[in-house]
Structure formats: structure tokens, C-alpha cells
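Please consider how a learner might read aromatic pairs and burial in a protein model.

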Amino acid sequence: MSSPNASSRWPKCASARASRAGAEGARRDTMPGGGGALATVHSGQSQAATGQHDGSALLQPGLTCTGRTETLLSSGARHRIWANFDRRHSSPRARSDKMLTVWKLRSALQSRLSAASTAPTRGARALAARGMCTSAQKVTANGVQLHVVTSGDASLPPLLCMPGGLGTAETDFGPQLRELSDSFQVVSCDPRGYGQSRPPVRDFPPDFYQRDADDAAAVMRALGHERYAVMGWSDGAIAAVMLAASQRAAVRQLVIFGGNAYMGADDADAFEAMRDIGGWSKRMRETHLPVYGEDLQPMWSAATDAWLGIIAKGGDVCMAQARAVECPALVLHGEKDPICLSEHPRWFADNMADARLHVFPDGKHNIHLKYAAEVNEMVRSFAAP
């Protein structure tokens, strides 16, 4: 069993791109990621390697960095990271043995966030063009109007899909809305403050994951669903675990992937390194500033403060809630996921009462998109009432 202290060097949404004693191998990810924009780069674990469109790399004891990582960081961000590293790890031994946490602006993550922020109704229109029985509506949940997309006949068993950070229903669960509507009424919503669920401006109180879970429960009640299966990705997986723990009478089955159970103290530097959106890549700024405008910087700073607050309280993201989940759980994982390392799905599988783990050997963070047909068939079988 992992613990936050023992695993603190594997942070939330972190890419180690590391050989963990050869067990996990070098990691690459060119596909969308969810729930964060951080990478951990470890020095001295293996030979230098370059990332493929992801900005992740291994650093040699001599503190060289691959060109891809350098190009994805602004000069100001690089200066802050190196200066902070030099202050804290000045000796050659420390440089060789300690982990350098850097800001991860992978082009893959940028692609995902770009899709999540632009043309938010495009996904629903595409679904309608395929002749799917879909609808988009505003549903009041805990005093907030949330954008909700449904696909499939109302007589079918409901399946709630919970998006990741900055994600939306259509961008995060398009294949599920399209292809699972023959077996379920698929329901997904833009979380409070994201996509078309604005206003309000997204904020991050200490219980923001639980608030997302409570909002999702309120949406399902408003739609008349008393019992349903839940599927969550990345940050949405964390909220899904909390939903299953707090709404035991409502949640029949739980499917999660890409979510982290805990964070560690080493995450703090990475969170701080990405706090200033002025250091984000040009593409990322051009994607989000037109959508969020002047709200983007305070929103992101609030998210940073919230993650630091979780770390300050011991790093438990949803460990306590996971242990309280009673319904059957299916934990999926891409073995090459650079954002959510393998220790997290294995922790969930070991610590939830009735959980099983399925690993995609070549999968990365977006297994439900890249392996949509296989994942959907597994969900059909697992989540059938």
C-alpha cells in the first residue's frame, strides 16, 4: 500500500517519464490529458530521453534538459525553476539524487485544453448530426445553472460521466455519448465554472472536489435518476470517488481512470512554477484567455492555492472517501500514463471494498478516447443493472 509520505515524489498530474527500477519504463504521451498541467522530471534515474510532443524528459546529474522541454517553457519560467532548484539542491549529490519539479506544458495537454475551451457546442452538434438522441439543457444544481448533455433514451439505465479539469461533457466524453447511448442514457455536464456552466466563475474552496460531486448528484436528482452508474476521468475520477462515497444509495457502479489518490510535498514547487499564466505557452494563453478573460489568472491562482492546501493538510486527495466506497468499482489504467502513475490505480484497487483493476499496457491518460470501443464494451458489461 502506498502512503502520501512514501509517494510524495509522485505528484498529482505528474509525469515522471522515469524508469522506476525498470518496472514502468520511459513514458510518452501525445494524446489529451486531464486534470492538470504539471510534470515531474527526475534526475539520475536513467539515461537522458526526449519526450514526444509532451515536454517531459529525464535530467542527467549535469542538469541538462532536452530541447523540447525548454521550448515549452517560457524563459521566465525556466529561470524561476532553475533558480529555485539551485537554492534547494546546490550540491552535486543533491542534484543527482533529488527530484526537479518543472512546469509541464505538454503539447498533448494543450491540445486537450484547447478542445475543452473552444466551440463548446460543437460536440453536441456533431452528436445531433449523427442522428443521436441527444439534448443539451441547463439544470439547476445547488443554486447554479449547469450545462448538461444527455444521450440515449430515458428508459435506459443512467450513466453519469464526470469530466476532468477544464473539461466539458462533449470534449471529454464524446465517444461515450455517441456509442454508449444504445445501452444507457448517458449524462454528462460541464462542471461548475467550466465550459458552458458559467457563470459562476470557477473557484476552488477546500472542498471543491466534493462540491463537484455534490453538483453531479443534484443534476441526477433533477433529472429524476435515483440509481445510476458513474464514470470519472482525471479530476472527474476524484469527484466520482467522492460521489460514490457520499451517495451510496444512488451510485450502483463506479468506473474511474486517470485520478490520483494523494499528493505530496514535492508538488508545491511545480504548482508555484505554473501559477503565473504569463509563463504559459502562447498557444495555451491564446486558447484560454478568449474564453475566461480576466478571470483566468485569479481562477488558476485559486486552483494552485487549493492544491497547496491539500498538500499542507497531508496530501490526502480522496483516500478516505475511496475506503468508504461500497459499490463495485472498475479501475482502468493506461500503463504508459505520464500524468497518473501506476501506483494510484493500484492503490484504489487495493483499498476500495469491491474493486478490480484493468490495465491497458500501451495506454496513456486518455484510454477511454484512444481505446473507446474496448472501454465502452467493458463499461456496458460492468455497469449493466
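The dialogue below takes up the chain, its aromatic rings and one hairpin.

Q: What kind of model is this?
A: This is a predicted model, in which local features need pLDDT of at least 70, side-chain atom pairs count only at pLDDT 80 or more, and totals for chains, interfaces and linings use all residues. Residues are numbered from 1 along each chain as its sequence is written, and side-chain values use heavy atoms, leaving out hydrogens and water.

Q: How many of the residues in the chain are buried?
A: Buried means under 20% relative accessible area (1.4 Å probe, protein chains only). Of the 385 residues in the chain, 59% are buried.

Q: How is a pair of aromatic rings described?
A: One gives the distance of the centres and the angle of the planes. Rings of Phe, Tyr and Trp (its six-membered ring) pair if their centres lie within 6.5 Å; planes under 30 degrees apart count as stacked, over 60 as edge-to-face and the rest as tilted. The whole structure holds five aromatic pairs. The ring centres of Phe208 and Tyr209 are 4.1 Å apart with planes at 35°, so this pair is tilted. Trp300 and Trp307 form an edge-to-face pair, 5.8 Å centre to centre with 80° between the planes.

Q: Is Trp307 buried or exposed?
A: Trp307 is buried, with a relative accessible area of 4%. Trp300, at 6% relative accessibility, also counts as buried.

Q: Which residues form one aromatic cluster?
A: Phe204, Phe208 and Tyr209 do. Phe208 counts as buried at 1% relative accessibility.

Notes. Buried < 20%, exposed > 50% of the residue type's maximum accessible area, 1.4 Å probe, protein only.
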